[in-house]
Structure formats: C-alpha cells, structure tokens
Amino acid sequence: MSWTERHPYVFAIRLTDARNSADASARVVPAGADGPLVADERVAAHCEARGTPQAGAVRELWHPDGPVLVVGVGAQTLGEWRAAGAVAVRAMTGDGPLRVLLPAAVPDDAMRALVEGLWLGGYHVRTPRTEAVDVQLTGAPTDGAEARLRAAIEQARAVASAVWFARDLTNAPASEKNPAWFADQVVDAASGRVDLSVTVRDEQRLAAEGFGALLAVGGGSATPPRLVEMSYRPPAARQHIVLVGKGITFDTGGISIKTREGMKLMKKDMAGAAAVVAATLAAADLRLPVRVTTLAPLAENAVSGSAYRPGDVIEHYDGTTTETTNSDAEGRLVLADALGYAVRDLRPDVVVDLATLTGANAVALGRRTAALYSHNDDLAAALVSAGEMAGEAMWQLPLPDDYTDLLRSDLADRHSSPAGGPGSVVAALFLREFLGDRVGDWAHLDMSAPSWSDSADGVLSKGATGWGAHMLVRWLERQGEAG
Ligand code: BES
Ligand code: MN
Ligand code: ZN
C-alpha cells in the first residue's frame, strides 16, 4: 500500500448529546484543577480522594457503566486541551468509539484543541486508530453554540489532515519518495479543491527557465528535480503570501558526503516542503481569504559522476552566481532559486520559508525549537504567536551583518558555506541575499530539529512531526482576518 493512499483522511467526530454509551470502549472525562468538568459522582469522589490528574495525564477508573479515563486539562489552555486529547486517544483500548464527555458550554477554541489532540495523538506510521471518536455533550448547547462547535471541529479536521499529510510525506522512505513522486502526491491531494491549482516544472522546463541551482543539486540523482508551485487564489483575498519549503528527498551530502550517523535520518530533509504544501491544502479546505503561492523545490542530493562538485560555480534563477564550497550545503541553493523566482515573478506581500537547513539549529536551541529569522518584528511576533497556539515553538535569532563578509567569494557573487560562522545564522544570511526588495517582509524558519521526534510525546508521534503545518494554518487564519 502506498504511503498516502492508506489514509482517506476521513475522521469521524460525532457531536452528540445522546447518553447511550453502551458500545463505547471507554468514556473520557476531562478534569481541571477544581475537579471533573462533567457531573459524575464516582469520578468526583475519585478525584476528591486521589487528586485530579495533572494536565496531559490520564487515569483509568472502574465505573459500573464501563471504563472511564479521567484526563487532566489543568488550567484549560489550548496546549492542555490538546495534550488531553492526545493522551486519551493513546489510552484507548478496543475498537469501539472513544466517547469524550464535555459540558455543553465548552468554549469552541477548547473544543478545537481537544479534537486536534485526539487526531494528532492518534497518528501512527502504520496503524491509524483515530477513526472512531465521539465527542458527547452532556446537555444541549445553547443558541448558536452547536454551529460554533461544529466549525471548531472542521478547523481541527483541516489542521489534523494537514499534519498527517506532512508526517506521511516525511516518514515515507526515499526509495519511494523521489521528486516526481512527491510532486504527484501534491497534485493528487490538491485535486478537487476549490480555487487551488498546482503546476509542476520538470527538469527540461527548469533548464529553460534558468533554475540552475536546483538542477545542480539534483544533477547527481537518477530521479531528476521538480519545482512544485501551488496557487490558492480565493476571490476575496487582498494579501499575497508566498510559502517556500526545502524539499530534498534525500540528503547524502553529495560529493562532500555525510557520515554514516549524519546521513541516517536524511529522508526527512523535505519536511519544510511537506509542511508548506500541507498548510496550503488546509488553507483551501478552510476557504481562508488569503492568496497563497507555495513553492517546493524538490531534488535528491546524491553522489554520482554527474553530481555537482565542491568548488563549482552555479548560476541561480535571479542571475547571480554562487561558489559551492561544500555540496552538503544544498538546501540554501535550491531555496535561493525559489526565493529569487518568488521575488521577481510573484510580487508577494510576505515570504516565509521553512527548511531543515542546518544541524546547528539543534545545537543552539535543542530538539523541539525552530530558529526564526526576520527583519520584520511584526511578522516575527505573528509567527511566534501562531506557533504558541499550535504548540510549535520557535525562537528568534539575529541576522548580524558582521558575518556577511564571510559570504564573499573571489569567483562568484558569493560562497555557499563559508567556514567559521554560526551555521544556522550564516545559512539565513545566505538566503537573505535573494530577497531583493522583499527582505523586510520575509521570515526564515530553520526547523531541522523539531521536524523529527525520537519517541511519541503528547501530540507528537514517533518519527516525523509535521512541524510547521499547524503553525502556518493558524497564522494564515489570522492573516485572513486581518484582510
Ligand atoms: N539537511 C542538512 C541539515 C540537517 C542536519 C537537517 C541534521 C537535520 C538534521 C543540510 O543540508 C546540511 O547538510 N547542512 C550542513 C551545512 C554545512 C555543510 C554548511 C550542516 O548543518 O552541517
Ligand atoms: Mn546537506
Ligand atoms: Zn539538507
């Protein structure tokens, strides 16, 4: 079975006020700091005696109506609701639906986060188990509340299917995942969505149009490069946002080959492309009123007689040249072509790129936090805030001019990978060269570290995390509101 065929992305969350739970595998009761949120004598007595579970923790309880899972929601922040959903779905046994009991007055953003947690926590590389979840309201929601709750569930569905899609693409082995395959997945996923179209440039067209760096990086592979361009153009949009994602389907390092350990996880080197593509699908699903053009430069950085060499000079889409001192610094090269194209041909209002760009990201910020670079403080703050809502952390690092001299080359307009600077910062400074007059409306996210998780943790599954897809959806929602 192919990696993306197996999920129809049809998740069932039924919103119901029926009390019949005879067929449920377990019922879930959320409990805040002051006790359970729905009235039940036994659950209340249990919490009284043993204390309520911590946020994100679960406790199983004997109950005459069948098993009850008490999940802690702490102070009921979005992150705590999401963590509760994830822990509940992981504690699920049997095939029957999991039935979550909620007060009818539950706020819609809490409902959304809970459902996100149920779906995201239920992701598993091989055996998705989230198709049977009931969210049961104890009592009838009042005036308009039910419509709002249903809308919140639809938002959660769009986010969860985006994150699942990004995780699936990133978990897929490179034996299957070459640039053409990735492009096909995007074309398939986009078909049938309103106001959304996809263009795929093959190697001939890339050559004819001057994408020299993408062709150089992909030149060593038996599977040639592609450029995916998604265009979501809703009629009411006023802003034009361009998203760019690094799509290296496998990074051997090329002639400057990686170590055995360093190469092990390099099928994930397209996680940036996966996140931007997935977020664009969600934007179309939610009919967000913002124009989005999404670029995924796709290539395999392979070793062969036709691979580009350290010391080669390549010409970018924008006509400038780069001396490629290390073929393992391939991500910035393919991004540079896409950024140059965005700035010259698309005239965007804002440009945001996501890339598994450097190992230095994890050295500086640890395994869960992306590095954020921008000269635009409002844009940076909006992305950080979207990340907080999504539970995806980032930390802003500077773009100091004292390293720009390092980028100078005798042979070309610049060097790709000078020695001696802070790796993630120098990579960002390199990308900045391609932003032209859009440099003040650009943000770069180096998300090498948080793109992968070695174990399941909260809403993260073991393996690809889909980092960035959820944050981008939240940010695009806000951009749509701002007009
Ligand atoms: N894909 C890697 C970065 C990476 C490393 C992502 C570890 C995730 C985990 C990137 O193409 C790369 O090789 N970067 C080099 C840059 C250097 C050659 C200037 C690096 O970080 O060492
Ligand atoms: Mn590399
Ligand atoms: Zn790479």
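Student: How many donor atoms surround the zinc ion (ligand 3), and what is the geometry of its site?
Tutor: This is a predicted model, so every value here is computed from it. The zinc ion (ligand 3) has six donor atoms, with angles of 78 to 172° among them. Six donors count as octahedral if opposite donors are over 155 degrees apart and all others lie between 65 and 115. The site is octahedral.

Student: Which parts of the chain do K246 and D269 tie together?
Tutor: K246 lies in the loop between strand 10 (240-245) and strand 11 (247-251). D269 lies in the loop between helix 8 (260-263) and helix 9 (271-285). The pair therefore ties together parts that are 23 residues apart in sequence.

Student: Which residues coordinate the zinc ion (ligand 3), and at what distances?
Tutor: Their spacing along the sequence is K-x4-D-x17-D-x60-E. The donors are K246 (NZ), D251 (OD), D269 (OD) and E330 (OE). They sit at 2.0 to 2.4 Å.

Student: Are K246 and D269 buried or exposed?
Tutor: Buried means under 20% relative accessible area. K246 has 2% relative accessibility. D269 has a relative accessible area of 2%. K246 counts as buried, and D269 is buried.

Student: Which residue coordinates both the manganese ion (ligand 2) and the zinc ion (ligand 3)?
Tutor: The two ions are 3.2 Å apart. One residue bridges them. That residue is D251.

Student: Which protein atoms are donors of the manganese ion (ligand 2), and how far away do they lie?
Tutor: The donor spacing along the chain is D-x76-D-x1-E. The donors are D251 (OD), D328 (O), D328 (OD) and E330 (OE). They lie 2.1 to 2.2 Å from the ion.

Student: Why is the arrangement around the manganese ion (ligand 2) irregular?
Tutor: Ideal angles for six octahedral donors are 90 or 180 degrees. The six donor atoms around the manganese ion (ligand 2) subtend angles of 71 to 167°. These angles make the arrangement irregular.

Student: Is D328 buried or partly exposed, and what about E330?
Tutor: Buried means under 20% relative accessible area. D328 has 23%, so D328 is partly exposed. E330 has 1% relative accessibility, so E330 counts as buried.

Student: Which residues come nearest to ligand 1?
Tutor: There are 17 residues around ligand 1. D251 and E330, donors of the manganese ion (ligand 2), are among the nearest to ligand 1. The full list of nearest residues is D251, K258, D328, E330 and G359.

Student: What distance separates the side chain of K258 from an oxygen atom of ligand 1?
Tutor: Ligand 1 has several polar partners to look at. A nitrogen atom of ligand 1 lies 3.4 Å from a backbone N or O atom of T356. A nitrogen atom of ligand 1 is also 3.4 Å from a polar backbone atom of L357. For an N or O atom in the side chain of K258 and an oxygen atom of ligand 1, the distance is 2.8 Å.

Student: What share of the accessible area of ligand 1 does the protein cover?
Tutor: On its own, ligand 1 has 520 Å² of accessible area. The protein covers 75%.

Student: How many residues of helix 13 are buried?
Tutor: Helix 13 spans residues 423-432. Its buried residues include V425, L429 and R432. The helix is largely enclosed by the rest of the structure, because the buried count is nine of ten.

Student: Which strands stand at the edges of the sheet with the order 13-14-18?
Tutor: This open sheet has three strands with mixed pairing. Strand 13 pairs with strand 14 (residues 321-324) in the antiparallel sense over four bridges. An edge strand here has a single partner, so one side is left without a neighbour in the sheet. The edges are strand 13 (312-315) and strand 18 (414-415).

Student: Which residues of strand 19 lie on each face?
Tutor: In a regular strand the side chains alternate between the two faces of the sheet. In strand 19 (residues 442-446), five of five residues are buried. One side holds W442, H444 and D446, and the other A443 and L445.

Student: Which strand runs parallel to strand 19, and which runs antiparallel?
Tutor: L354 stands opposite L445 in strand 19. A371 has D446 as its bridge partner in strand 19. The parallel strand, joined by five bridges, is strand 15 (residues 350-355). The antiparallel one, joined by four bridges, is strand 16 (residues 369-374).

Notes. Residues are numbered from 1 along each chain as its sequence is written. Chains are lettered from A and ligands numbered from 1 in the order in which they are written. This is a predicted model: local features need pLDDT of at least 70, side-chain atom pairs count only at pLDDT 80 or more; totals for chains, interfaces and linings use all residues. Side-chain values use heavy atoms; hydrogens and water are left out. Donors are N, O and S atoms within 2.8 Å of the metal (3.2 Å for Na, K and Ca); water is not among the atoms, so sites may look incomplete. Four donors count as tetrahedral if all angles lie between 85 and 135 degrees; four count as square planar and six as octahedral if opposite donors are over 155 degrees apart and all others between 65 and 115; anything else is irregular. Buried means under 20% relative accessible area, exposed over 50%, partly exposed in between (1.4 Å probe, protein chains only). Helices (H or I, at least four residues) and strands (E, at least two) are DSSP runs, numbered from the N terminus. A residue is near a molecule or strand if one of its heavy atoms lies within 4 Å of it. A polar contact is a pair of N or O atoms within 3.5 Å; within protein, one must be able to donate a hydrogen and the other to accept it, and residues adjacent in sequence count only if both atoms are side-chain atoms. Accessible areas come from the Shrake-Rupley method with a 1.4 Å probe; for residues, only the protein chains shown count as cover. Two strands pair if DSSP finds at least two bridges between them.
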